[in-house]
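Hi there,

Here is the structure I promised to pass on to you. Have a look at it first, and then read my notes below.

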Amino acid sequence: MSDTPPPNLIDKKAISRIGIIGAILGIFTIGLFIILWSVLGNIGMSNFPRIVASVCVPPTILAFLFGIYFITTRRSN
């Protein structure tokens, strides 16, 4: 039996990249919420539809972007 340690399966570069992308997406989502809240308020929309739109639109856009990413980067067999 050998005493060699198992290989390190954690890729630190990939984890850093995931963290940076997550931070960018979080900032984008919060910014989009603030922009929607302001724009919808400036056009005179009441608070309830304003908050519903501001909360629901950013995740929808993120889901659309993720969908495009996964479709375009999927490996074909």
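Let's start with Ile 61, which counts as partly exposed because its relative accessibility is 31%; buried means under 20% relative accessible area, exposed over 50%, and partly exposed in between, with a 1.4 Å probe and protein chains only. Before you go on, note that this is a predicted model, where local features need pLDDT of at least 70, side-chain atom pairs count only at pLDDT 80 or more, and totals for chains, interfaces and linings use all residues. Residues are numbered from 1 along each chain as its sequence is written, and side-chain values use heavy atoms, leaving out hydrogens and water.

Ile 61 sits in helix 2 (helices are DSSP runs of H or I with at least four residues, numbered from the N terminus).

Now the pocket. The largest pocket (an open set of points on a 1 Å grid over the protein atoms alone, where a 1.4 Å probe fits, with protein on both sides within 12 Å along at least five of seven lines; lining residues have an atom within 4 Å of a point) holds about 220 Å³ of space. Its lining consists of Ile 21, Leu 25, Leu 62, Leu 65, Phe 66, Tyr 69 and Phe 70. Helix 1 (12–42) and helix 2 are the elements that give two or more residues to this lining, and helix 2 gives the most, with five residues.

Finally, Val 39 belongs to helix 1 and is partly exposed, with a relative accessible area of 44%. The C-alpha atoms of Val 39 and Arg 50 are 9.3 Å apart, with the two residues 11 residues apart along the chain.

Enjoy exploring!

Methods. Grid points are joined across faces, edges and corners, and a volume is the space filled by probe spheres set on the points.
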